[in-house]
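Me: I've got a model open and I'd like to quiz you on the labels people put on it. Let me paste it in.

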Amino acid sequence: MNKLIACCGLDCEGCDARIATLKNDDELREKTAALWSQLNGVEITKEMVNCTGCRTPGAKTPYCSDFCQIRKCAMEKNMETCGDCPRMEHCEILAAITGNNPQSRENLKREAR
C-alpha cells in the first residue's frame, strides 16, 4: 500500500506542501500559501505549509490535521483510505475530491485492501 496516497485518493507525493517540507523550500511555501489562500478564501501563511503526507508520520497542514472531514472519517472507521469503505461510491464528502479529480478515485480503487 502506497502511504503517499491520501485518505481521499489524492497523491501526496506531488503536493507542493510536501515538496516544500522535504526540501525546506520557503519560496515554494510562500507560493503555495498564496495560491491556497486565493482558492480557499482564507489566509494561509507559509508557516502553515508543512506536511509530509496525509497518512505518513510527521508534519501536517492545519487543514489536513484538524479540519479534513475525509481524513477524520477514515481514521474514525479505522480505514487506511476511503477505498476501504463500502460507501465510497456514494459518499458526498468524498465526491468533493473525486468529482474534480478522477485520478483520486482510481488511486483509491487501486489502494483498497
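Me: How many helices and strands are there in the chain?

Reply: Bear in mind that this is a predicted model. The chain has six helices and zero strands. Read from the N terminus, the order of elements is α-α-α-α-α-α.

Me: What makes the chain as compact as a globular protein of that length?

Reply: Set the two numbers side by side: the radius of gyration is 14 Å, and the globule rule gives 13 Å for 113 residues. Those are close, so the chain counts as being as compact as a globular protein of that length. For the outline, the C-alpha atoms fill a box of roughly 40 × 25 × 25 Å along the principal axes.

Me: And what share of the residues counts as buried?

Reply: That would be 38% of the 113 residues. The accessible surface is about 7000 Å², with 53% of it belonging to carbon and sulfur atoms. As for contacts between residues at least 6 apart in sequence, 51% of them join residues at least 24 apart.

Me: How do you know how many disulfides there are?

Reply: The test is a pair of cysteine sulfur atoms within 2.5 Å, and by that rule the count is zero. Take Cys-12: the nearest cysteine sulfur belongs to Cys-54 and is 5.6 Å away, so with a cut-off of 2.5 Å Cys-12 is in no disulfide.

Me: Why is there no bond between Cys-82 and Cys-91?

Reply: Same test. The closest cysteine sulfur to that of Cys-82 is the one in Cys-91, but the two are 6.2 Å apart, which is too far for a bond because the limit is 2.5 Å.

Me: Why is Cys-12 called buried?

Reply: Buried means under 20% relative accessible area. Cys-12 has 10%, so it is buried. Cys-82 has 11%, so the label buried applies to Cys-82 too.

Me: Where is Thr-81, and why does Thr-81 count as buried?

Reply: Thr-81 is in the loop between α4 (69-76) and α5 (92-98). Its relative accessibility is 0%, and the cut-off is under 20%, so Thr-81 counts as buried.

Me: Which residues is Thr-81 in contact with, leaving aside neighbours within four places in sequence?

Reply: They are Ile-5, Ala-6, Cys-7, Arg-55 and Leu-108.

Me: What does the side chain of Thr-81 reach at 3.0 Å, and what makes that a polar contact?

Reply: The Thr-81 side chain reaches the backbone nitrogen of Gly-83. A polar contact needs N or O atoms within 3.5 Å, and this pair sits at 3.0 Å.

Key. Residues are numbered from 1 along each chain as its sequence is written. This is a predicted model: local features need pLDDT of at least 70, side-chain atom pairs count only at pLDDT 80 or more; totals for chains, interfaces and linings use all residues. Side-chain values use heavy atoms; hydrogens and water are left out. Buried means under 20% relative accessible area, exposed over 50%, partly exposed in between (1.4 Å probe, protein chains only). Helices (H or I, at least four residues) and strands (E, at least two) are DSSP runs, numbered from the N terminus. A polar contact is a pair of N or O atoms within 3.5 Å; within protein, one must be able to donate a hydrogen and the other to accept it, and residues adjacent in sequence count only if both atoms are side-chain atoms. Contact means heavy atoms within 4.5 Å. The radius of gyration is taken over C-alpha atoms; the globule rule is 2.2 Å times the number of residues to the power 0.38. Accessible areas come from the Shrake-Rupley method with a 1.4 Å probe; for residues, only the protein chains shown count as cover.
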